[in-house]
Amino acid sequence: MSKETGGPAFPVTSDNYANSESVGMTLRDYFAAKALQGLLANPKLQPEILKHGGAFGGWIEHSSYGWADAMLEARKK
């Protein structure tokens with residue numbers, strides 16, 4: 001199952017890139033990166049993150065993409 005990506009985060013209009021399959025980061029990835037930035041900046045999560053040696057069991061990643069998916073869904077309305 002493929003997720004809705006929202007298209008490219010930073011679309012280009014140059015003809016040099018018009019036929020390229022690799023247009024860079026998707027909007028979903030961009031939203032997830034911003035959510036991840038906020039989650040990791042939360043001082044209440046810092047001790048838990050450090051205790052588990054980084055992301056704990058994929059929760060941070062899944063949560064980041066969960067927020068990204070919610071943002072993409074909100075754009076449809």
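Among the contacts in the chain of this predicted model that join residues at least 6 apart in sequence, 49% link residues at least 24 apart. The chain that carries these contacts contains three helices and zero strands, and along the sequence the elements follow the pattern α-α-α. Of the 77 residues in the chain, 22% are buried, while the accessible surface amounts to about 5900 Å², with 57% of that area belonging to carbon and sulfur atoms.

The largest nonpolar core consists of six residues, namely A9, L27, F31, A32, A68 and L72. Helices α1 (27-41) and α3 each supply at least two residues of this core, and the greatest contribution comes from α1, which provides three residues.

Helix α3 covers residues 59-75, and its length can be checked against the expected rise along a helix. At 1.5 Å a residue, its 17 residues should span 24 Å, and because the C-alpha atoms at its two ends are computed to lie 24 Å apart, the expected and the modelled values agree. Within α3, the buried residues are I60, S63, S64, A68 and L72; of these, A68 and L72 are also members of the largest nonpolar core.

Two residues of α3 illustrate how accessibility varies along this helix. S64, which is found in α3, has a relative accessibility of 3% and therefore counts as buried, the cut-off for that class being under 20%. E61, which also lies in helix α3, has a relative accessibility of 40% and is therefore classed as partly exposed, since this value falls between the limits of 20% and 50%.

The surroundings of S64 and E61 can both be described with reference to A32, a residue of the largest nonpolar core. When residues up to four places away in sequence are not counted, S64 touches A32, A35, L36 and L39. With the same exclusion applied, the residues touched by A32 are S64, Y65 and A68, so that the contact between A32 and S64 appears in the description of either residue. A68, another residue touched by A32, is buried in α3 and belongs, together with A32, to the largest nonpolar core. For E61, the relation to A32 is given as a separation: the two residues are 29 residues apart in sequence, and their C-alpha atoms are 8.1 Å apart in space.

Notes: Residues numbered from 1 in each chain as written. Predicted model: local features only at pLDDT ≥ 70, side-chain atom pairs only at ≥ 80, totals over all residues. Heavy atoms only, no water. Helix = DSSP H or I, 4+ residues; strand = E, 2+ residues; numbered from the N terminus. Expected span 1.5 Å × (residues − 1). Buried < 20%, exposed > 50% of the residue type's maximum accessible area, 1.4 Å probe, protein only. Core = buried A, V, L, I, M, F, W, Y, C linked by side-chain atoms within 4.5 Å. Contact = heavy atoms within 4.5 Å. Areas by Shrake-Rupley, 256 points an atom, 1.4 Å probe, with all protein chains shown as cover.
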